[in-house]
Amino acid sequence: MAEIVYPPVIAAARTLFRVLDVRFHMEGTEHVPRTGGAVLVSNHISYLDFIFAGFAALPSRRLVRFMAKQDVFDHRISGPLMRGMHHIPVDRGAGAGSYATALRMLKAGEVVGVFAEATISRSFTVKEIKNGAIRMAQATNTPVIPVALWGSQRFWTKGRPRKLTQRHVPLTIVVGEPMHPKRGENVNDHTADLHKRLSELVDQAQRTYPEVPPGVWWQPAHLGGTAPTPEEAEAMDAAEAEARAKKE
């Protein structure tokens with residue numbers, strides 16, 4: 001695929017992060033294969049996660065094609081950029097098309113990025129995850145690469161104002177060891193294993209984060225923050241979905 005848009009976008013992002021002095025700490029990036037298809041699965045805590053999860057693959061000189069909501073592609077500014085970077089639109093009413101596109105890209109040797117929780121976690125813990133990433137890996141004989149992000153929620157997350165120009169924010173990216181689910185193996189077992197691995201990586205990122213002030217909104221409740229508990233977050237998501245359904 002012609003890469004006219006993606007490299008300049010990466011260069012612009014790197015320049016912005018240098019200006020803002022975003023303090024990156026990256027571990028395990030060697031686990032992203034330098035060639036061949038792979039499914040990169042990240043936790044989801046911010047509207048900017050596709051940028052930071054994509055950074056996990058840059059040391060291996062890979063570009064990640066993320067599966068993202070159709071709404072992002074319909075936006076007059078983000079849409080042309082997303083299409084130019086060959087990301088994959090997901091229409092929740094017709095998901096088979098995006099799934100087929102992802103399989104084609106994996107078979108062609110691309111890295112496909114998936115947010116298996118589907119929505120941002122308000123509790124900043126790993127929500128229940130979908131099994132699509134495992135099924136894609138099994139169908140294409142490609143590895144699953146779990147990635148944990150921490151710190152991105154401080155820039156822009158659900159229910160909080162954007163603070164895109166904050167300076168000196170630490171940003172942790174931890175890449176776990178690849179999983180190799182095979183055809184015929186139990187999808188649910190592998191999905192549960194992926195959830196466990198993601199949760200462990202996120203916990204590692206949280207506990208080693210260089211700034212852990214007590215009582216901050218961006219820290220999970222079980223670590224002394226004021227973020228909603230997973231149960232409270234689930235209730236908030238349900239209320240939001242109900243309100244959205246009434247408008248439609």
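What radius of gyration does the chain have, and what would a compact globule of 248 residues have? I looked this up first. The model is predicted. The chain has 17 Å, and a compact globule with 248 residues would have a radius near 18 Å, so the two agree.

**Overall extent.** I took the spans of the C-alpha trace along its principal axes and got about 45 × 40 × 40 Å. I then looked at burial: 46% of the 248 residues are buried.

**Elements and contacts.** I count 8 helices and 7 strands in the chain. For contacts between residues at least 6 apart in sequence, I find that 74% join residues at least 24 apart.

**Strand S7.** I turned to residues 170-175. How many of the residues of S7 are buried? I find 6 of the 6, so the strand is largely enclosed by the rest of the structure. I checked each face. Pro170, Thr172 and Val174 are buried on one side. Leu171, Ile173 and Val175 are buried on the other.

**Partners of S7.** Which strand pairs with S7 in the parallel sense? I find S1, residues 23-27, joined to S7 over 5 bridges. Here His25 stands opposite Thr172. Strand S6, residues 144-150, runs antiparallel to S7, with 4 bridges between them. I note Ile173 of S7 as the bridge partner of Leu149.

**Surface and charge.** I get about 12400 Å² exposed by the chain, with carbon and sulfur atoms supplying 55% of it. I also compared the charges. There are 31 positive and 25 negative ones, and their mean positions lie 7 Å apart.

Note on methods
Residues numbered from 1 in each chain as written. Predicted model: local features only at pLDDT ≥ 70, side-chain atom pairs only at ≥ 80, totals over all residues. Heavy atoms only, no water. Buried < 20%, exposed > 50% of the residue type's maximum accessible area, 1.4 Å probe, protein only. Helix = DSSP H or I, 4+ residues; strand = E, 2+ residues; numbered from the N terminus. Pairing = 2+ DSSP bridges. Rg over C-alpha atoms; globule rule 2.2 N^0.38 Å. Contact = heavy atoms within 4.5 Å. Areas by Shrake-Rupley, 256 points an atom, 1.4 Å probe, with all protein chains shown as cover. Lys, Arg positive; Asp, Glu negative; His and termini not counted. Charge placed at Lys NZ, Arg CZ, Asp CG, Glu CD.
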